[in-house]
Structures are given as C-alpha cells and as structure tokens.
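Biologist: I'm new to this one, so could you walk me through it and tell me how each label is earned?

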Amino acid sequence: MSFIKTKIINFFKLIFPSTYTELAVFLFFIICYGILGSYIALHYRIIFDSRIPWDAYFSFDNKSILMTGGSFERHPLSYYFFNWIREFSLFISGGKMDANFRLTLAWLSNIIISLSIVQVFKYLKNIICVPLWLSVLIILFFGVFSTNIILSFTPENFTYTLFLLSLYNYYAAIKLRKEEKTPAIALSLAGITIGGLTITNFVKVFIPLLFEKNLFRDWRKFGNAVFRTTVPTICFVLLYLNRIDFKYQNIFSKTNQQYEKFSNVESMPTWDMILSFFFGGNILFPGFIISDKHNMKGFDFKGLYMDLYSSTFPYFFVAILLTLIIWSYCKNFRNKWVQVIAISFFIDIVIHCVMRFGLHTSSIYGGHFVFVYPLLLGWLFYAYRSSPKIMSVLTLTVLLLFVYLLANNLFRMAEFFWFMETYYQ
C-alpha cells in the first residue's frame, strides 16, 4: 500500500508545482493568462462560436476539435479526450454554450499552459541546474512566446500536446539522469496520450530509449527496449483501429488527401514561410491578415491569419535565436539530454520544412516543439557556466531578445483585440 501511495505522490509532484518557487511560477502565469483568457471569454465569442468550425484565428479549429476531436488520421484518439473537455465545460455552464462555457474552456487551457511552463522551469532547475535568477529570465522569455499566449485561452490539440510533451521530456530526463529504464506502462501512457492527440508525435515517445546506458552493447537491454517499444505500439494501433472500426484503408486515403491539401501552397517563398511561420511565428508575432470566410452552411465570418514578416527586425530576432539554439546543440553535442531534445525538434523540421506539410500555417504547430527553445538556451548557459564573460554576453542577449519579444507581442495582441472588438463581440 505504501508503494502505491509513494507512486501516486511522486506522480502529482511530477505534474504539479512541488516547491515554493515552482508554485510562484505557476501562480504568476495562471494569473496573467487567466486575466487575458477570462476577458476574451466574457467579452468576445471568438473562443467558441457554434457557427464557426475553423479558422476564426490563426487556423485553429476550436469548434471542430471540441465537437469531434478533429480529423482521425491526424488526431486518432483526441475524440475521446475532448468529449470529456466538452462535457465538463457544459456541466459548469449548465448545458449552455455561452460565456460560461467559453470561460471554462479558457481556464482549462490557462491551467494546462501554466503547467507546461512549470515543467520547463523544473527541467531548467532540476536537470540542467541553471541558477534560479537565470531560470526565471528564460521562463519569462518563454512565457511571452506567441504560442503560449494564444494557447493559454485556445481549446485545441496543441494546447494539451504542449503540456504532455513538456511533461514527458522532463520525466524522461529524470530517468536518464538516474540511469533507469522508462517502464512499458509509462511509455504506453505517453504514446496513447501524446500520439493520440497528434499521431506524428508518437515516435517522439521512444527517442529517450536510444540513450539508455549500454543499450547497444547488451543484447538483453536491447531486447528489453524492443519489448518496451512493442507494447505501447500494439496498444496504440489497436485503439486507433478500434476508433475507426478497423477500416484501416481510410487512414491512407485521408492522409494522402490531407498531405495534398496542406503541402502545396505556392503563393509564398518557402524560405520565408520557414522563417516567418515555422521558426518565427510560434515565438514572435508577425503582422496579421484578415480574410473572408464561410462555414459552408450560409454563415459568413472573418478569419485572422499570420502574415510574413515585413521588416528587418523580426528576421534579425529569429536569426539570433536560431544562432543561439544551433550554438547550444553544437556545444553540447555529446550531451544525451540535448540529443533527445534535438531529435524531437528535427522530426518537426522534416515534417513541416522538408515535407512542407502545413508550412504556410506552421506557426500553429508550435505546441509540438516550442518548449525546445528554452531548454536548449538552458543547456547553452550550462555549457558556459565557468565562463563569466560569455555568460554575461548570453544573458544580455537573451534579455534584449525578451524586451523586443514582449514589446512586439503586446503590440500584436492589441491588434488582435481590435479584430475581436470589430468582428466577434
């Protein structure tokens, strides 16, 4: 009984703040995001409008996700998860899809994103052992990323994926530090939840296994790793097939349709979409474009999209940040924790930048990888912890990036509020 009690306590300590500093971080962001999300939910209908299935802002599919879980070929098990989210929100709102319904959805997103930031803070503090003041700077920088701001009130797959991936990376880092195996049960749970919300993330669950001690030198350990990979894969496949009544042919046909639809956009240069949307838009808001949309059932509405960057400063910002990230990777190349993070990020780069899937709207996919930036920044500071001059230069650089990011994103959010005031009251 004491063993089970210990496991439960450790589980809650892993997910929730377990120290006063972690609690302070959580409360700070939940208050900031909470004020933002509450105001939007109570004064505007943009978070959820039953007439608008998709594309009200930045190509998020709020209604579609909440009502159906999204397309089964990309989000195979999210149908079940969002059934709970929808029913809980309806319970709180008394069965009405009104302001209280939107407020509940916003606060669920707010809590999840705040917990995601706590997970990154825990990683910086407990795995990398970054000094507290520096962890706070990095976490403040991370907290004003456009992805976190938008997802803090958006009921979408990406909101919960960001939390699950941040949590799992912290958990896997602990296991690697202790030189322990990740149990098959934990891998199964991670695979079903992370891969169930977005199927392309399923493979990320198994990346930490590649760096377990002596994995490729001991055939028994390798065989055990294969077993621990096979169990969650079988569980996931069976649940996936059950979701679609074992009509597996639909997976290939729908996947091909989605790929053709989201990978053949020629209206913008590829390099610019990569910088402005994939590497930039999920961190630094670009300008916005308003477009005319309709719901296929006679209702017209306005949609808001991110535009390409239109001045030199945003490109300069992205270039500096990417330089720091690449620098961190090269400096810590032999670091297994860094390799886990980098390989996970590389998967998203291949999907969106090489295969071009959803590249024109890749800013919305930030929930799959945006946590990589603060972690790699943390490892860069760790690599130069004995070099005061370089530490000072890096700190000043991140501080300047933070100031510019905060100013830019506050300005763009003011434009977002104008859009809601004009079209979504």
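Modeller: Sure, starting with T182, which sits in the loop between α8 (157-177) and α9 (184-197); helices (H or I, at least four residues) and strands (E, at least two) are DSSP runs, numbered from the N terminus. Keep in mind that this is a predicted model, where local features need pLDDT of at least 70, side-chain atom pairs count only at pLDDT 80 or more, and totals for chains, interfaces and linings use all residues. Residues are numbered from 1 along each chain as its sequence is written, and side-chain values use heavy atoms, with hydrogens and water left out.

Biologist: Why is T182 called buried?

Modeller: Buried means under 20% relative accessible area, exposed over 50%, and partly exposed in between (1.4 Å probe, protein chains only). T182 has 3% relative accessibility, so it counts as buried.

Biologist: And what does T182 touch?

Modeller: Not counting residues up to four places away in sequence, T182 touches Y168, Y171, K175, L187, L209, E212 and R228. Contact here means heavy atoms within 4.5 Å.

Biologist: What about F58, buried or exposed?

Modeller: F58 is at 4% relative accessibility, so it counts as buried. F58 lies in the loop between α2 (20-43) and α3 (62-68), and its phi is near 55°, a positive value in a residue other than glycine. Most residues other than glycine have a negative phi.

Biologist: Where is M296, and how do you know whether it is buried or exposed?

Modeller: M296 is in the loop between β1 (288-294) and β2 (300-306). Its relative accessibility is 64%, so M296 counts as exposed. M296 also has a positive phi, near 70°.

Biologist: Which residues touch the most other members of the largest nonpolar core?

Modeller: That core has 140 residues, and I46, Y57, F58, Y123, Y373 and F416 touch the most other members. A nonpolar core is a set of buried Ala, Val, Leu, Ile, Met, Phe, Trp, Tyr and Cys residues joined through side-chain atoms within 4.5 Å. Leaving out residues up to four places away in sequence, F416 touches I40, I46, Y57, F58, F153, F288 and L304.

Biologist: How many disulfides are there?

Modeller: The count is zero, where a disulfide is a pair of cysteine sulfur atoms within 2.5 Å.

Biologist: Why does C330 have no such bond?

Modeller: The closest cysteine sulfur, in C353, is 18 Å from the sulfur of C330, so that is too far for a bond. C330 itself counts as exposed, because its relative accessibility is 52%.
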